[in-house]
Amino acid sequence: MTITTLGIIADTHIPDARRQLHPRVQSIFEAAGVSGILHAGDISIPRGLRDLEAIAPVVAVRGNRDWFGFEDLPLIRVLQVGGATIGLTHGHARLRTYIYDKLRFFVRGPRSFDYFARQAAAQLPADVDAIVFGHNHDPMIKWEGSKLIFNPGSASYQVLGDKPPSVGLLHIEDGQLRPEIIYLDDPSDWSKPFK
């Protein structure tokens with residue numbers, strides 16, 4: 001049996017939130033032996049993808065902050081990897097929905113984050129085994145029956161201040177999925193965020 005491991009990353013926001021990719025991303029993905037990287041959007045500039053491509057091949061979707069240089073990136077992708085069907089989206093949907101999401105966040109706060117998982121799911125075919133999304137900067141591993149809902153969180157910063165930046169790993173063996181979230185900073189360093 002062969003195990004395929006994918007690096008999962010979202011919301012890198014280079015250079016609008018960080019000047020460069022967090023220095024631990026490369027070592028984490030290389031140590032895990034990732035065969036590919038899925039980027040769930042909000043890359044911000046093409047250099048962000050080139051840095052990841054130096055580690056492994058990258059499949060990406062366009063996020064709401066990917067305005068210039070990403071016209072060819074789709075909003076959703078459906079991939080077959082290791083016997084599993086993976087749906088990849090940023091999760092922001094159309095402009096009208098995005099504006100509604102922002103208003104909802106400002107009124108209700110981060111407790112509305114489950115809404116983003118439902119929004120991501122609505123954009124993808126119902127028969128996917130996993131939904132990988134970003135957008136809300138909140139790491140999530142959730143199972144709905146046998147379907148995985150997976151948000152690696154932001155590799156730059158989380159919206160909620162109690163968590164450091166993070167990435168994910170998705171281990172796939174004969175269609176079986178094992179997700180993992182890895183935090184990039186030690187909690188004692190949270191007061192000095194990576195720039």
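The questions below concern the sheet and the nonpolar cores of this predicted model.

Q: What makes E9 and E10 paired strands?
A: Pairing requires at least two bridges between two strands, and eight bridges join strand E9 (residues 166-173) to E10, so the two strands pair, and they run antiparallel. One residue pair in this arrangement is His171 with its bridge partner Arg178 in E10.

Q: Why are strands E3 and E10 said to stand at the edges of the sheet?
A: The five strands follow the order E3-E2-E1-E9-E10 in an open sheet with mixed pairing. Strand E3 (58-60) and strand E10 (176-183) each have a single partner strand, so one side of each is left without a neighbour in the sheet. Neighbouring strands of this sheet are turned against each other by 25° on average, direction ignored.

Q: Which strands does helix H1 lie across, and at what angle does the helix run to E9?
A: Helix H1 (residues 23-32) lies across strand E1 (3-9), strand E2 (36-39), E9 and E10, and its direction makes about 15° with that of E9.

Q: What makes Val167 a member of the largest nonpolar core, and how is that core made up?
A: Members of such a core are buried residues of listed types, Val among them, joined through side-chain atoms within 4.5 Å; Val167 belongs to the core of 22 residues and is one of those that touch the most other members, together with Ile9, Val25, Phe29, Ile37, Leu52. Two or more residues each come from H1, helix H2 (47-53), E3 and E9, and H1 gives the largest share, three residues. A second, separate core has 18 residues, including Ile86, Val132, Leu170 and Ile172.

Notes: Residues are numbered from 1 along each chain as its sequence is written. This is a predicted model: local features need pLDDT of at least 70, side-chain atom pairs count only at pLDDT 80 or more; totals for chains, interfaces and linings use all residues. Side-chain values use heavy atoms; hydrogens and water are left out. Helices (H or I, at least four residues) and strands (E, at least two) are DSSP runs, numbered from the N terminus. Axes are lines fitted to C-alpha atoms, for helices over the stretch in contact, and angles run from 0 to 180 degrees between N-to-C directions. Contact means heavy atoms within 4.5 Å. Buried means under 20% relative accessible area, exposed over 50%, partly exposed in between (1.4 Å probe, protein chains only).
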